[in-house]
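Here's a quick tour of this model, written for someone who'd rather be at the bench. Have a look at the structure first, then read on.

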Amino acid sequence: MKIVTYNVNSLRQRVTQFGSLLKLLNSLEADIICIQETKLSRQDLTADLTTAEGYEAFFSCTRTFEKGRVGYSGVATFCRVNSAFSSNEAALPVAAEEGFTGLLESSKTGDVIAGDFPVELNLVDEDTKNVTRQDIIKVDSEGRCIITDHGHFVLFNIYGPRADPDDKERTRFKYIFYKILQKRWESLFSKGKRVIVVGDFNIAPAALDRSGAGPDFEDNLFRKWMRSLLVKHGGPFVDAFRAKNPSREAYTCWSQCSGAEELNHGSRIDHILIGGPCLHESYQLEDHDILKCHVKECDILSEFKRWKPNSISRWNGGRTVRLEGSDHVPVYIFLQGIPDLPVHSLPSLAARYIPEVRGRQQTIVSLLQKRELQDEKNHCGSLFIGSESSELQNCGSDKPSHAFGLLVEQNRKESRLDVSGDIKKRRSRQGCSQPTLKSFLQKRKLSTDISFNIFDSQVSKANAELDSLGVTEEITAINESRVQKTEVGTNVTVDVSVSQVDRTTTEIDSVNEDNLQEDELEMKSCSQDQEGRQAYCSSEKDRSTTASLEWQRIQQLMQRSIPLCVGHSEPCVKRSVKKPGPNWGRGFYVCARAEGPPSNPEARCNHFQWASRTGKKKKK
C-alpha cells in the first residue's frame, strides 16, 4: 500500500494544471492520497473537485468567518478502491471523522473512530489548564484534520497552522492545536491502535531539515515538541523519511517569492510519522517493530518541483516567468504486509454523500406542489389555445390571475424575442462592411417578395370587405364576364379589379424606389466610414509608437535610479514592507538573485537599502 501526502496550495489550481482531478490523482500513483491546503469552502465542493472515477474522498473545510481565513486551509483524503460497497480493501476506511476534538456536529452524527475522545476530561495538565471549550471548538473550525480508520491503522491527515514568532494569538492557537492532537494520539495508543500521521506540519524539527539553519534553530518551542514525539526522544512515533534517510539533506517546501527552489534553499516540513506495534503475532520481540516489518521505503517526489534544471535563472530574466505548481512536493511511504479487512462499506462522511455534491433530497410535499402547479399550467394553456368561453371561465374560476399571468408571460417572451431579433438585424445593418454583388441581388429579390406580399394582403383584404357587404356573388358574375384569355406562349392573364391592380402597382414602384435610395445611401456611408477608419488606424499606430518610445525612455531613467547590490554589483529589485508597523508600505531594495544558503556565492547577498520617500508628509 502506497500513501502520499501533498500540500497542493489550492486544489482548484492543481486540477486546472493537470486537466482534471482524475489526472492529478493518477499522477501520484498511490492507494491513499492526503491533500492539504485545498482552499475550498463548503460551498465550493463541486463534482469536478471531489469526484474521480475509482476514488472515494473525504473533505474538511474551514468553518470560520474571520478576516483572511475564509476559503483558507482545508484537507482532503482520496482513497483508490475497486468498490465502495461490500469491499474488503484496506484502502477503503471502515470509519471517518472530521476534526480531532470530537466536538464537530459531523463527528457526532457520522461513523466515528472507535472509542470516544473525552477531550474536556483530558485538559487538566499544566500545558492546557487555561484552555476553554471555545478554544477547542476554534481549533477544529479551520478544516485542518481528517481521520480515517483503515482497520489495521488510523490515518491522520493534518495541515498544521503557521504562526510568526511575534503573533501571540496564532502562536497560542498553534500550541493548543498540537497539544490536543497529541492527546488524541495518546488516547488511540492506549487502546492498542496503530497511528500514521501525515501532512504539512509547518515545523522543521532539526537543523538538518532547514537550509542555512542557524545555531539556535533547534531551540524553537514547536521544534522541541516535535522531536519529543520521536522514539529516540522517548515518544511513540518514528519519522519514516529520516529513519530511511538518516543524513540526507532534502526539503519539501520552498519560498515562492524569493526563488528559493533554484538553489534548493528550503525546509522539510511535510512529514510521515508512524507509531504502534507491527501486525505480526510476535510483535513483542525486540526485532519486531512497525518500521522494520511494514515500511518498505519513504521518499520525496522531487519531480513535482516547480523549478526545473532547464528553467531560466531569476537574474537572467526568469523573475517574470511564472512557475506552475505548488510550493510543496509530495512525500510517500510504501507499506508492505497489510492484509485485507472484513467486508465493509463506505463511511457516511464520504464526499459522495455531501448535499453540495449530490444535491439535496426532495421532500414529498415539494414534489406534489410542483406536480399540481404543472398540471394547472398545462390545463389552462390548452384552454387558451382552443377552448370555448364557458370552459375558459371554468378554468379561471379557481385562480384566474394565475392563468392570465401565464398568457401574459408567454406573450412577453414572444415580444422579447421579436425585439431582440430586430435589434440584431439593425446592428448588423449598421455595422458598415463592403457590400457584395450577391448581397445586392438578395436585397432586390427580398424587396420584390415584399411587394408581392403587399399585393396578396391587399387583395385578401378587399375580398373580406366584399364578403362583409354580402355582394360577393354579384362581383363574381361581373368578373367572369370581364375575363379575357390571351394565348401568349403559356401565360394567362386575369383581369381582377383593374383599379385595385393599378393602385398596388403604384405602391410596388414606390417601395422599389425607396430600396434603391436606401442601398445607395448605405454604400456611400460605408465608403466614408472606411476612409475614416483608415485615418483612425494610422493615427492610433502613431500614438502607440510614441507611447512605446516614451515608456522605453522612462525605463532607462528608472534603471539609472535603481541601486546596485554590494555582493554582485547588479541592479536590485524593489519590494515593500507588508508587516504591520511604522514602516508598513515603505519600499526598499534588495539583491535580485534567488535566495540560497549563505555559503553559496551565487545566492542573494545581504544588500538592503530603503527607497527614498517622495511627497510631503501630511500636517497633523
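Strand 13 and strand 14 (residues 331-335) run antiparallel to each other and pair over 5 bridges. Across that pairing, C298 sits opposite I333 in strand 14. Keep in mind that this is a predicted model.

Zoom out and you'll find an open sheet of 6 strands, in the order 3-4-2-1-14-13, with mixed pairing. Strand 3 and strand 13 (295-300) are the edges, each pairing on one side only. From one strand to the next, the twist averages 15°.

Now for helix 2. Which of its residues are buried? In this helix (residues 21-28), L21, L24, L25 and L28 are buried. They cover an arc of only 90° around the axis, so they end up on the same side of helix 2. As for what covers these buried residues, the list includes strand 1 (2-7), strand 2 (32-36), strand 3 (55-60) and strand 4 (75-80), along with helix 1 (11-18) and helix 3 (47-50). Right after helix 2 comes E29, with a positive phi near 50°.

On to the annotated spot. The UniProt "binding site" annotation, from an unreviewed entry, covers N7, E37, D200, N202, D327 and H328. These residues span 322 residues in sequence, but no two of their C-alpha atoms are more than 12.9 Å apart, so they gather at one spot.

Two of the annotated residues deserve a closer look. E37 lies in the loop between strand 2 and helix 3. Leaving out residues up to four places away in sequence, E37 touches N7, V8, N9, S10, L11, S73, G74 and Y159. D327 is in the loop between strand 13 and strand 14. Its contacts, again setting aside neighbours within four places in sequence, are N9, T252, C253, W254, Q256 and R306.

Then there's C257, in the loop between strand 10 (253-254) and strand 11 (266-267). Is C257 buried or exposed? It counts as exposed, because its relative accessibility is 56%, and the cut-off for exposed is over 50%. The C-alpha atoms of C257 and E595 are separated by 9.3 Å, although the two residues are 338 residues apart along the chain.

Here are the accessibility values side by side:

| Residue | Relative accessibility | Status |
|---|---|---|
| E37 | 10% | buried |
| D327 | 12% | buried |
| C257 | 56% | exposed |

For E37 and D327, the label "buried" follows because the cut-off is under 20% relative accessible area.

Technical notes
Residues numbered from 1 in each chain as written. Predicted model: local features only at pLDDT ≥ 70, side-chain atom pairs only at ≥ 80, totals over all residues. Heavy atoms only, no water. Buried < 20%, exposed > 50% of the residue type's maximum accessible area, 1.4 Å probe, protein only. Helix = DSSP H or I, 4+ residues; strand = E, 2+ residues; numbered from the N terminus. Arc of directions from axis to C-beta. Contact = heavy atoms within 4.5 Å. Pairing = 2+ DSSP bridges. Axes fitted to C-alpha atoms, helices over the stretch in contact; angles between N-to-C directions. UniProt positions renumbered as here; feature names shortened; annotations may be inferred.
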